[in-house]
Amino acid sequence: MIITHTISSLKEELTKHKALNIGFVPTMGALHNGHLCLIKEAKLTTDFVVCSIFVNPIQFTNSSDLEKYPRTLESDIKKLEIENCDLLFLPSESEIYRQPTSLEINFPYQNSIMEGKFRPGHFNGVAIIVAKLFNFVQPQKAFFGQKDLQQCLIIKQLIETLSFDIELHIVPTKRESDGLAMSSRNVRLSENGRKIAPLLYKKINSISTNLQDFELEKTLAIEFLNSNELIKVDYIEIVEMQSGELANHFDKGKKYGICIAALVDNVRLIDNIITEF
Ligand code: AMP
């Protein structure tokens, strides 16, 4: 696997492979099997796979979250090599942000709901880093995890609005055997937190079986989860997948994403499932 640290060496390497169909997987490292599913999918559907590892400071709304972000570079490199990833882009912060960024990319609607509402500034940071990386790598296909469903909606909007000639692939969430969505944050869960964390997935699954009564089911699920002293639900919401907007009615044949965010023993977890009405 080629490893590059600078934008110029990345571009130099990529010009050698210009004729190929390039697949791109942006990550913040601390790689687990969820990330590796994106690499596998990219390997299956493109000819040259670029992964980036960059812990993007401007998408963190809370500095202690940034400091606590797990960093496991050596094992990340080994995992990527096993998956036959072709190139790893590993830039420093000063390489990416050569001068302070004053540009803001605003998603007024998405910023008013779910992660956008609970993490002000987060999607601006995500959009800026992804747009920069898209410009550096210029891939034909980009791979993102359904695990961060609202992020996928933002990237879709970014690609359409800024006319990136990139196909977005959304890869299903990889889970532990008890249903917990894999996440770099799971290592921070306490023993008790880890035991109860799968309840989030269980609850959104049970809501999906009775979408018609979504509001009632949602209230009951929040009450149930919050009755556990280690859990504090931030939200349970349902979005219509095509428009990316919160759904207030359900149409036959349309897809809906049921999304949850909660603190589990002080670790903030998100999850979602996509279901058809
Ligand atoms: P991160 O390093 O957390 O920014 O994630 C990098 C990419 O991996 C994003 O597109 C995530 O949505 C995706 N990802 C994270 N966890 C999972 C998972 N459990 N299954 C599938 N994709 C995931």
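## Cavities in the model

A cavity, in the sense used here, is a set of points on a 1 Å grid over the protein atoms alone where a 1.4 Å probe fits but cannot get out. The model is a predicted one, and the structure holds 2 such cavities of 30 Å³ or more.

The largest cavity has a volume of about 910 Å³, and of the 48 residues that line this cavity, M28, H35, K147, D148 and Q151 are the closest to its centre. Two or more residues of the lining come from each of β2, α2, α6 (114-118), α7 (122-137), β5, α8 (149-161), β9 (255-264) and β10 (267-276), and among the contributing elements α7 gives the most, with 6 residues. By class, the lining of the largest cavity divides into 24 nonpolar, 16 polar and 8 charged residues.

## The ligand and its shell

The ligand sits in the largest cavity. The elements that give two or more residues to the shell around the ligand are β2 (22-27), α2 (33-45) and β5 (141-145), and α2 gives the most to this shell, with 3 residues. β2, α2 and β5 also appear among the elements that give two or more residues to the lining of the largest cavity.

There are 17 residues around the ligand, of which M28, G145, D148, K174 and M182 come nearest. Divided by class, the shell has 7 nonpolar, 7 polar and 3 charged residues.

## Polar pairs and burial of the ligand

Which residues place an N or O atom beside an oxygen atom of the ligand? For M28 the partner is a backbone N or O atom, which lies 2.9 Å from an oxygen atom of the ligand, whereas for H35 the N or O atom belongs to the side chain and is 3.0 Å from an oxygen atom of the ligand. A polar backbone atom of G145 is likewise 2.9 Å from an oxygen atom of the ligand. Taken alone the ligand exposes 490 Å², and the protein buries 92% of that area.

M28 and H35 return in the description of the cavity itself, where both are listed with the residues closest to the centre of the largest cavity. D148 is listed there too, and D148 is also one of the residues that come nearest to the ligand.

## The second largest cavity

The second largest cavity has a volume of about 70 Å³. The residues that line this second space are K147, L180, A181, S183, N186, A197, L200, Y201, L269, I270 and D271. K147 is also listed with the residues closest to the centre of the largest cavity.

At least two residues of the lining of the second largest cavity are supplied by each of α10 (199-208) and β10, and β10 gives the most, with 3 residues. By class, this lining has 7 nonpolar, 2 polar and 2 charged residues.

## The largest pocket

Besides the cavities, the structure has pockets to consider, and the largest pocket has a volume of about 240 Å³. The lining of this pocket is made up of T61, N62, S64, D65, K68, F118, R119, R185, R188, L263, N266 and R268.

Helix α3 (residues 63-68) gives the most to the lining of the largest pocket, with 3 residues. The classes in this lining are 2 nonpolar, 4 polar and 6 charged residues, while the lining of the largest cavity has 24 nonpolar, 16 polar and 8 charged residues.

Conventions
Residues are numbered from 1 along each chain as its sequence is written. This is a predicted model: local features need pLDDT of at least 70, side-chain atom pairs count only at pLDDT 80 or more; totals for chains, interfaces and linings use all residues. Side-chain values use heavy atoms; hydrogens and water are left out. A residue is near a molecule or strand if one of its heavy atoms lies within 4 Å of it. A polar contact is a pair of N or O atoms within 3.5 Å; within protein, one must be able to donate a hydrogen and the other to accept it, and residues adjacent in sequence count only if both atoms are side-chain atoms. Accessible areas come from the Shrake-Rupley method with a 1.4 Å probe; for residues, only the protein chains shown count as cover. On a 1 Å grid over the protein atoms alone, a cavity is a set of points where a 1.4 Å probe fits but cannot get out, and a pocket is an open set with protein on both sides within 12 Å along at least five of seven lines; lining residues have an atom within 4 Å of a point. A molecule sits in a cavity or pocket if more than half of its atoms lie within 2 Å of its grid points. Helices (H or I, at least four residues) and strands (E, at least two) are DSSP runs, numbered from the N terminus. Ala, Val, Leu, Ile, Met, Phe, Trp, Tyr, Cys and Pro count as nonpolar, Asp, Glu, Lys and Arg as charged, and the others, Gly among them, as polar. Grid points are joined across faces, edges and corners, and a volume is the space filled by probe spheres set on the points.
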